[in-house]
Amino acid sequence: MLPRRTRPTLVLAFLALAGVVFAMLQSLVAPALPVIAGELSVSTADISWLVTAYLLAAAIATPVAGRLGDMFGRHRVLLIVLGVLAVGTLVAALAETLAVLVTGRVLQGAGGAILPLAFGIVRDTLPPKRVGIAVGLLSALLGTGGGLGTVLAGPIVATLNWHWLFWFPLILIALAMATSSFALLAVAHDAAWHILTAVTLMGIGIGLASAAMTNAILATVPPSQTSVATSINTLARTIGGSIGTAVLAAVLSANTSQGIPTEAGFTVSFWICSGVLVLAVLAALALPTRRGSSTAGRRGGTS
């Protein structure tokens, strides 16, 4: 059960985002099956395993994870499920063979447990009079996510390629997790596992973000500007770290008791980090696509 000081609106937002991502992954692949089959040189019967494996895994994982949530804590199990969903989505995004892609879809199927866990967390967290509304909202958003997946599949494949059917949901999962690591510390830091879980998510997020930023730079800038661009990236990261450290140090210094930072100081600091990460994700979504950057690079080379 979540701590009583958890903010219901924030919890509901995280649960809604996780539910939408799962629903999108369920419907996003189906319209693109012929394209994926053609690029992987497999038959229609074989490519249908992308849908079958996903649904079978969801059917198995949902009751198991739901029971584990009742036994060991729904919030803890939900974070684990989101982690498995993220790994599966990353595997699928990087897949070049049907076997690897099906493996990724099986891992994604574990996300089916998001729904029962979310309903349990809503009941534990929200006031009784708001539970019905929240459950209805989550159910509606699941349908919305499914509809978005069907609509977005065509433009994504036509504009980019089928791998982006998984890169886009992975970004949303990272946002839910990206942000939940600091948010978890802000709302729940009474037990050792709270801190260990948050720090683990933090480390994963920092590692993925560092690698992704470097790759984005290499894919976007002309070869002649690679060293300059990566240097600016390193400089910006250093400056950002210095500013962040100074700001958080000031917050902690302003909230002390007998010379020791108070819990309120740490809570405010973690919320600041969560807010900055949300802005970072929004900025990442504005990065140019590979196709656009290639065109820009060619223009730069001919000028």
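Reader: To start with one residue, is N255 buried, exposed or partly exposed?
Author: In this predicted model, N255 has a relative accessible area of 25%, so N255 counts as partly exposed.

Reader: Where does N255 lie, and which residues does it touch, if we skip those up to four places away in sequence?
Author: N255 lies in the loop between α11 and β1, the latter covering 256-257. Not counting residues up to four places away in sequence, N255 touches I260, P261, T262 and G265.

Reader: And how far apart are N255 and V268, in sequence and in space?
Author: N255 and V268 are 13 residues apart in sequence, and their C-alpha atoms are 9.6 Å apart in space. V268 has its place in helix α12, and with a relative accessible area of 39% V268 is partly exposed.

Reader: Which nonpolar surface patch includes V268?
Author: V268 belongs to a nonpolar surface patch of about 570 Å², which is made together with L235, I239, I243, V247, I272 and V276. The elements that give two or more residues to this patch are α11, residues 226-254, and α12, residues 263-285. Its largest share, four residues, comes from α11.

Reader: Stepping back, how many helices and strands are there in the chain, and what percentage of the residues count as buried?
Author: The chain has 13 helices and two strands, and 39% of its 303 residues count as buried. The chain exposes about 15600 Å², of which carbon and sulfur atoms supply 71%.

Reader: What share of the contacts between residues at least 6 apart join residues at least 24 apart in sequence?
Author: That share is 74% in this chain.

Reader: Turning to the inside, how many residues are in the largest nonpolar core, and which have the most contacts there?
Author: The largest nonpolar core has 51 residues, and those with the most contacts inside it are I36, L50, L101, L165 and F166. Several helices supply at least two residues each, including α1, α2 (33-40), α8 (128-159) and α9 (164-187). The largest share of this core, ten residues, comes from α1.

Reader: What is L165 in contact with, leaving aside neighbours within four places?
Author: Leaving those neighbours aside, L165 is in contact with L25, L28, A32, I36, A153, I156 and V157.

Reader: L28 makes me think of L152, so to speak; where is L152, and in which helix?
Author: L152 lies in helix α8, and at 34% relative accessibility L152 counts as partly exposed. Apart from its neighbours within four places in sequence, L152 is in contact with M24 and L28. L152 and L28 are 124 residues apart in sequence, yet 7.2 Å apart in space, C-alpha to C-alpha.

Reader: New topic: how many aromatic pairs does a search of the whole structure find?
Author: The search finds two aromatic pairs. One of them is formed by F22 and Y54, which are stacked, with 5.6 Å centre to centre and 20° between the planes. This pair links distant parts of the chain, 32 residues apart, since F22 sits in helix α1 (residues 8-28) and Y54 in helix α4 (residues 49-72). F22 and Y54 are both buried.

Reader: Why is the pair of W162 and F166 edge-to-face?
Author: The pair of W162 and F166 is edge-to-face because the planes of the rings stand at 90°, with the centres 6.4 Å apart, and planes over 60 degrees apart count as edge-to-face.

Reader: Are W162 and F166 buried or exposed?
Author: Both W162 and F166 are buried, and F166 is also among the residues with the most contacts inside the largest nonpolar core.

Conventions
Residues are numbered from 1 along each chain as its sequence is written. This is a predicted model: local features need pLDDT of at least 70, side-chain atom pairs count only at pLDDT 80 or more; totals for chains, interfaces and linings use all residues. Side-chain values use heavy atoms; hydrogens and water are left out. Buried means under 20% relative accessible area, exposed over 50%, partly exposed in between (1.4 Å probe, protein chains only). Contact means heavy atoms within 4.5 Å. Accessible areas come from the Shrake-Rupley method with a 1.4 Å probe; for residues, only the protein chains shown count as cover. Patches are made of residues with over 30% relative accessible area and no salt bridge: like charges are joined within 9 Å, nonpolar side chains (Val, Leu, Ile, Met, Phe, Trp, Tyr) within 5 Å. A salt bridge is a side-chain nitrogen of Lys or Arg within 4 Å of a carboxyl oxygen of Asp or Glu. Rings of Phe, Tyr and Trp (its six-membered ring) pair if their centres lie within 6.5 Å; planes under 30 degrees apart count as stacked, over 60 as edge-to-face and the rest as tilted. A nonpolar core is a set of buried Ala, Val, Leu, Ile, Met, Phe, Trp, Tyr and Cys residues joined through side-chain atoms within 4.5 Å.
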